[in-house]
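Open the model in your viewer and keep the selection panel at hand. The stops below can be taken in order.

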Amino acid sequence: MNAAVVPAPGRRVVVRVPATSANLGPGFDTLGLALSVYDELDVTALREGELDIEVHGAGAADVPRDASHLVVRAIAYAYESVGRRMPGLRLVAKNVIPHGRGLGSSGAAVVSGLLAAKGLLDGDVEFGPDTLLRLATELEGHPDNVAPALFGGLTIAWVDEDGPQHKKLLVHRGVSPLVLVPEFTMSTKLARSLQPMQVPREDAVFNVSRSALLIAALTQSPELLQAATEDKLHQNYRAGAMPETDRLVRALRAEGFAAVVSGAGPSVLVLADGPGRRLEAAALATAVTDTPWEALMLAVDFKGGTVREYAEGST
């Protein structure tokens, strides 16, 4: 197959991608965790130029139904990167990851599109892990959400002269994630604009120490999670834009819970050191604020994004 050839209609893939929580307190733009909430995307190749998009679930009323849809843009980006002409597409998206809540919905859309392209091009072009991470980072702007969405688990992501890199780590089985999701949303762009370009040296040193401790806490010593999730680089600067989130984080931490803002917010991530403590944190969230919080009792996803291929006409 080459750039002048379009794949025959009928090829179908189904992609499943987890939600993610980035930063985890001190690991700003570096640490990310894959969680057991999933978007599913069913993609079928059509005749060139055709586009049919069906969206169910989170964000269904707001996302576009044309070529500006983020999944379509990611598929097109992948095809362009390897010099292939994109076929027409039928997309059926079943969205469960909340939009605009700090759970990596845009990163999941990017990863979904890239994995769909990987499946559609299987047998012609191979997309390895490094290529997928590079393309996802170019589309998303930073690797902290797309790395765990692609690979699962706890990821450390960084960028060097060779591009974005990652290291996947297994999380201690005693870590029990809880995500508290409000009805209101938060713009990632706005959240980022609230941070200063420079911070005091002592704050930088503080976060370096906590980030190192957080790796140990998540992989070996969950009893250290509260101390390990302290942060001075981003959460305080963003607090004024989401006071309900800040109030809940402070209330939870005052009671000994490792609570942080999930990604850019406004959801709150609690890294409890057992299922019982997680239930206590959910009950406290109901008691201390007037804002309704949906409590998601989750597991760490260890697989990351997956893609299944189907023969033409199969179900």
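Which element gives the largest share of the lining of the largest pocket? In this predicted model, helix H2 does, with six residues. Select H2, residues 105–120, to see that part of the wall.

**Stop 1: the largest pocket**

The volume of this pocket is about 810 Å³. Its lining counts 43 residues, and those nearest the centre are Leu 70, Ser 105, Ser 106, Gly 107 and Glu 140. Show these five as sticks to mark the middle of the pocket. Next, colour the other elements that give two or more residues to the lining: strand S2 (31–46), helix H1 (70–81), strand S4 (88–95), helix H3 (129–140) and helix H5. By class, the lining holds 15 nonpolar, 18 polar and 10 charged residues.

**Stop 2: Pro 87**

Select Pro 87, in the loop between H1 and S4. Is Pro 87 buried or exposed? Its relative accessibility is 3%, so Pro 87 counts as buried, the cut-off being under 20%. Now add Glu 50: the C-alpha atoms of Pro 87 and Glu 50 are 7.9 Å apart, while 37 residues separate the two in sequence.

**Stop 3: strands S2, S5 and S6**

Select S5, residues 154–160, together with S2; the two run antiparallel and are joined by three bridges. To locate this pairing, pick Gly 32 and its bridge partner in S5, Thr 155. Then add S6, residues 163–169, which is antiparallel to S5 and joined to S5 by seven bridges. Trp 158 and Gln 165 in S6 stand opposite each other. How many residues lie between S5 and S6 in their hairpin? There are two.

**Stop 4: the four-stranded sheet**

Move on to the open sheet whose four strands, paired antiparallel, come in the order S8-S9-S7-S10. Why is one side of S8 and of S10 left without a neighbour in the sheet? Strands S8 (259–261) and S10 (293–297) stand at the edges and have a single partner strand each, so one side of each lacks a neighbour there. On average, neighbouring strands in this sheet are turned by 25° against each other, direction ignored.

Select S7, residues 176–182, and follow its antiparallel pairing with S10 over five bridges. Within these strands, Leu 180 stands opposite Ala 295 in S10.

Two helices that pack on the sheet can be shown next. Helix H9 (residues 243–254) touches S7, S8, S9 (268–272) and S10, and its direction makes about 160° with that of S8. Helix H10 (residues 275–288) touches S7, S9 and S10, with its direction at about 15° to that of S7.

**Stop 5: the second largest pocket**

Keep H9 selected, as it gives the largest share of the lining of the second largest pocket, five residues. Helix H8 (235–238) and S8 also supply at least two residues each. The pocket has a volume of about 290 Å³ and is lined by 18 residues. Pick Asp 231, Gln 235, Asn 236, Val 249 and Arg 253 to find the ones nearest its centre. The lining has seven nonpolar, four polar and seven charged residues.

**Stop 6: Leu 190**

Finish at Leu 190 in helix H5, residues 188–193. With a relative accessible area of 39%, Leu 190 is partly exposed. Draw a line between the C-alpha atoms of Leu 190 and Leu 180: the separation is 21 Å, for residues that are 10 apart along the chain.

How values were computed:
Residues numbered from 1 in each chain as written. Predicted model: local features only at pLDDT ≥ 70, side-chain atom pairs only at ≥ 80, totals over all residues. Heavy atoms only, no water. Buried < 20%, exposed > 50% of the residue type's maximum accessible area, 1.4 Å probe, protein only. Pairing = 2+ DSSP bridges. Axes fitted to C-alpha atoms, helices over the stretch in contact; angles between N-to-C directions. Contact = heavy atoms within 4.5 Å. 1 Å grid on protein atoms, 1.4 Å probe; cavity = no way out; pocket = protein on both sides within 12 Å on 5 of 7 lines; lining within 4 Å. Points joined across faces, edges and corners; volume = space filled by probe spheres on them. Nonpolar A, V, L, I, M, F, W, Y, C, P; charged D, E, K, R; others polar.
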